[in-house]
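Hi,

Here is the structure I said I would pass on. Have a look at it first, and my notes follow underneath.

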Amino acid sequence: MAEIVAAMAMTHSPGLTGWFTRASEEYQRLARQATAEMRRRLEAARPDVLVMVSNDHLLNWPINNVPEYTIGIAEEHVGPADWFDEWLGMEKYRVPGHASLARFLVNEAGRRRVSLAWLREMQFDDGISVPTHYLNPDARFRLVPITMNCTVPPIPTPERAYEVGRVLRDALRAYPGPERVAVVATGGLSHEPGGPRYFWVDEEFDRWFLDLLKRGDHQALLRECTLERMEEAGSGGTAELLAWIAVLPFTTGPADVLAYMPAIAWRSGTGMVVWNEIAA
């Protein structure tokens, strides 16, 4: 059976690659150190596959037909999508996929009452590309990308995101292969892309959310971190933290916050987190 060997989360702000040096030298140093530590922990965990949970910025689906969750089932993933490569300051990358595992998740999740849309060719912007740049630059780990809708109502509630994460956890463990799997959430923290608060970060919210993760109390987080609270901290962007909430069921105990930077220069509260304990 497949084994979950690591769980972590990070911001995917395009500023982390596209205009990295606009932030202070201190923030640059913290980001480099934190992402290097995440990579070190991945190498120590020896995963075969990264299941990356992010969000779709209306790149793969039209605004009038956005699935709740989508999985990429290709044998190879290529990014960034055209136009985003220049914006992100990145060359094209190629990462091997794991089609059999991805297809298994579609079927197994469906049996567990979670319907995943799927794409043979998924387009990638910052959501997958930025963490790939830092965590899998040599394409050592195979990739299974999962994106969610956190833009077009109805947006999944935190409780729904947690439920989907639990189903994904159980479905991964049911996969009849020896794969070692690391789960990575990407998105957040507070930001309002293109909105009137584009040049603003809600540092108070970010530190409050990260403190909830440090406490390791999943039910308290689900009770307190509502969609309304996330919207107040940045409309259209902060709800990307639903990806982090979807990874919570893979974990137990407190998270280690490796870094936090209220980086207005990157247009986002920026953080990197790892969990030390995987749920039994």
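Let me start in the loop between H4 and strand E7 (142-148), where you will find Ala139. Bear in mind throughout that this is a predicted model. Ala139 caught my eye for its backbone: its phi is positive, about 55 degrees, although the residue is not a glycine. Arg267 belongs with it, as another non-glycine residue with a positive phi, in this case near 65 degrees. You can find Arg267 in the loop that runs between strand E9 (251-263) and strand E10 (268-278).

While you are looking at the backbone, there are cis peptide bonds to check too. One runs from Gly79 to Pro80, with omega near -10 degrees. Pro80 sits in the loop between strand E4 (76-79) and helix H2 (84-88). Another joins Gly188 and Leu189, and there omega is about -5 degrees. Leu189 is in the loop that links strand E8 (180-186) with helix H6 (203-215). I flag these spots because most residues other than glycine have a negative phi, and most peptide bonds are trans.

Next, the helix packing. Which helices cross at roughly 125 degrees? They are helix H3 (residues 99-111) and helix H5 (residues 158-174), and their axes come within 9 Å. That angle makes H3 oblique to H5, and the crossing of the two is right-handed. On the H3 side, the contact is made by Leu101, Phe104, Leu105, Glu108 and Ala109; on the H5 side, Val167, Leu168, Ala171, Leu172 and Ala174 meet them. By class, the contact between H3 and H5 has 9 nonpolar residues, no polar ones and 1 charged one.

Now for the empty space. How many cavities of 30 Å³ or more does the structure hold? There is 1, and its volume is about 60 Å³. Of the 13 residues lining that cavity, Asn55, Asn60, Gln123, Asp125 and Thr147 are the closest to its centre. Strand E2 (49-55) and helix H4 (126-135) are the elements that give two or more residues to this lining. Sorted by class, the cavity lining has 4 nonpolar, 7 polar and 2 charged residues.

The largest pocket holds about 320 Å³ of space. There are 20 residues in its lining, and Pro14, Trp87, Asp126, His191 and Pro193 lie nearest the centre. The pocket lining divides into 8 nonpolar, 8 polar and 4 charged residues.

If you open the model in a viewer, I would go through it in this order: the loops with Ala139 and Arg267, then the cis bonds at Gly79 to Pro80 and Gly188 to Leu189, then the crossing of H3 and H5, and finally the cavity and the pocket.

Cheers

Terms used
Residues numbered from 1 in each chain as written. Predicted model: local features only at pLDDT ≥ 70, side-chain atom pairs only at ≥ 80, totals over all residues. Heavy atoms only, no water. 1 Å grid on protein atoms, 1.4 Å probe; cavity = no way out; pocket = protein on both sides within 12 Å on 5 of 7 lines; lining within 4 Å. Points joined across faces, edges and corners; volume = space filled by probe spheres on them. Helix = DSSP H or I, 4+ residues; strand = E, 2+ residues; numbered from the N terminus. Nonpolar A, V, L, I, M, F, W, Y, C, P; charged D, E, K, R; others polar. Axes fitted to C-alpha atoms, helices over the stretch in contact; angles between N-to-C directions. Parallel < 35°, antiparallel > 145°, perpendicular 65-115°, else oblique. Left-handed = near helix turned anticlockwise from the far one by under 90°. Contact = heavy atoms within 4.5 Å.
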